[in-house]
Amino acid sequence: HPFDKICHEHKVQHRTIRFKHPWTNGMVESFNKRIKNNILKKYFFNSIFEMKEKVINFVNKYNFEKRLKSLNRKTFEQF
């Protein structure tokens, strides 16, 4: 599969998970809660496009700037 080839080229382990299980659902719910509290409850949007832009900016900032304790204070990009 093309996605597997890209993962292999970048030395990323591609794992699949069983959906709708408590441990995977909990991670998703945790991140959704973070988005809800940091964006949806703080801002009023005039259009869906404004909201999508804000969410995309938040996710990009989270992935490329936020240092996480579980990753030894590295960002996802650095890890």
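**Figure 1. Phe31 counts as partly exposed, at 22% relative accessibility.** The structure shown is a predicted model. The value for Phe31 places this residue outside the buried class, because burial requires a relative accessible area under 20%. Tyr62, by contrast, has a relative accessible area of 10% and is therefore buried. In total, four aromatic pairs are counted in the model. One of them joins Phe31 and Tyr62 in an edge-to-face arrangement, with 5.1 Å from centre to centre and 70 degrees between the planes. Phe31 belongs to helix H2 (residues 22-40) and Tyr62 to helix H3 (residues 48-64), so the pair links distant parts of the chain, 31 residues apart. Phe31 and Tyr62 also belong to a cluster linked by ring pairs, which includes Phe58.

**Figure 2. Tyr43 takes part in an aromatic pair and lies beneath the charged end of a lysine.** The ring of Tyr43 pairs with that of Phe45 at 6.3 Å between centres. The planes of Tyr43 and Phe45 are 45 degrees apart, and the pair is classed as tilted. The angle is neither under 30 nor over 60 degrees, which is why the pair is called neither stacked nor edge-to-face. The charged end of Lys54 sits over the Tyr43 ring, at a distance of 4.1 Å from the ring centre. Tyr43 has a relative accessible area of 40% and is partly exposed.

**Figure 3. Ile35 is a buried residue of helix H2.** The relative accessible area of Ile35 is 13%, so this residue falls in the buried class. Apart from residues up to four places away in sequence, Ile35 touches Leu40, Val55, Phe58 and Val59. Phe58, one of these contacts, is also a member of the ring cluster with Phe31 and Tyr62. For Ile35 and Arg67, which are 32 residues apart along the chain, the C-alpha atoms are separated by 17 Å.

**Figure 4. Thr75 and Phe76 follow helix H3 and fall in different burial classes, Thr75 being buried and Phe76 partly exposed.** Thr75 is located in the segment after H3, as is Phe76. The relative accessible area of Thr75 is 3%, whereas that of Phe76 is 40%. When residues up to four places away in sequence are set aside, Thr75 touches Asn63, Phe64, Glu65, Lys66 and Arg67. With neighbours within four places likewise excluded, Phe76 is in contact with Tyr62, Asn63, Leu68 and Leu71. Asn63 thus appears in both lists of contacts. The C-alpha atoms of Phe76 and Glu50 are separated by 25 Å, the two residues being 26 apart along the chain.

**Figure 5. Lys11 and Arg73 have a positive phi although neither is a glycine.** Most residues other than glycine have a negative phi. In Lys11, the phi angle is near 55 degrees. Lys11 lies in the loop between helix H1 (2-9) and H2, and its relative accessible area of 79% makes it exposed. The phi of Arg73 is about 60 degrees. Arg73 is placed in the segment after H3 and counts as exposed at 51% relative accessibility.

**Figure 6. The whole chain provides the setting of the close-up views, with three helices and zero strands.** Along the sequence, the pattern reads α-α-α. The radius of gyration is 16 Å, well over the 12 Å that the globule rule gives for 79 residues, so the protein is more spread out than a compact globule. The C-alpha trace spans about 40 × 30 × 30 Å along its principal axes. Buried residues make up 14% of the 79 residues. Of the contacts between residues at least 6 apart in sequence, 15% join residues at least 24 apart. The accessible surface comes to about 7,500 Å², with 56% of it belonging to carbon and sulfur atoms. The mean pLDDT of the protein is 85, and 94% of its residues reach 70 or more. Confidence is highest in H3, at a mean of 91, and lowest in H2, at 82. Where pLDDT is low, the predicted coordinates should not be read in detail.

How values were computed: Residues numbered from 1 in each chain as written. Predicted model: local features only at pLDDT ≥ 70, side-chain atom pairs only at ≥ 80, totals over all residues. Heavy atoms only, no water. Phe/Tyr/Trp six-rings, centres within 6.5 Å; stacked < 30°, edge-to-face > 60°. Helix = DSSP H or I, 4+ residues; strand = E, 2+ residues; numbered from the N terminus. Buried < 20%, exposed > 50% of the residue type's maximum accessible area, 1.4 Å probe, protein only. Lys NZ or Arg CZ within 6 Å of the ring centre and 35° of its normal. Rg over C-alpha atoms; globule rule 2.2 N^0.38 Å. Contact = heavy atoms within 4.5 Å. Areas by Shrake-Rupley, 256 points an atom, 1.4 Å probe, with all protein chains shown as cover. pLDDT = per-residue confidence, 0-100.
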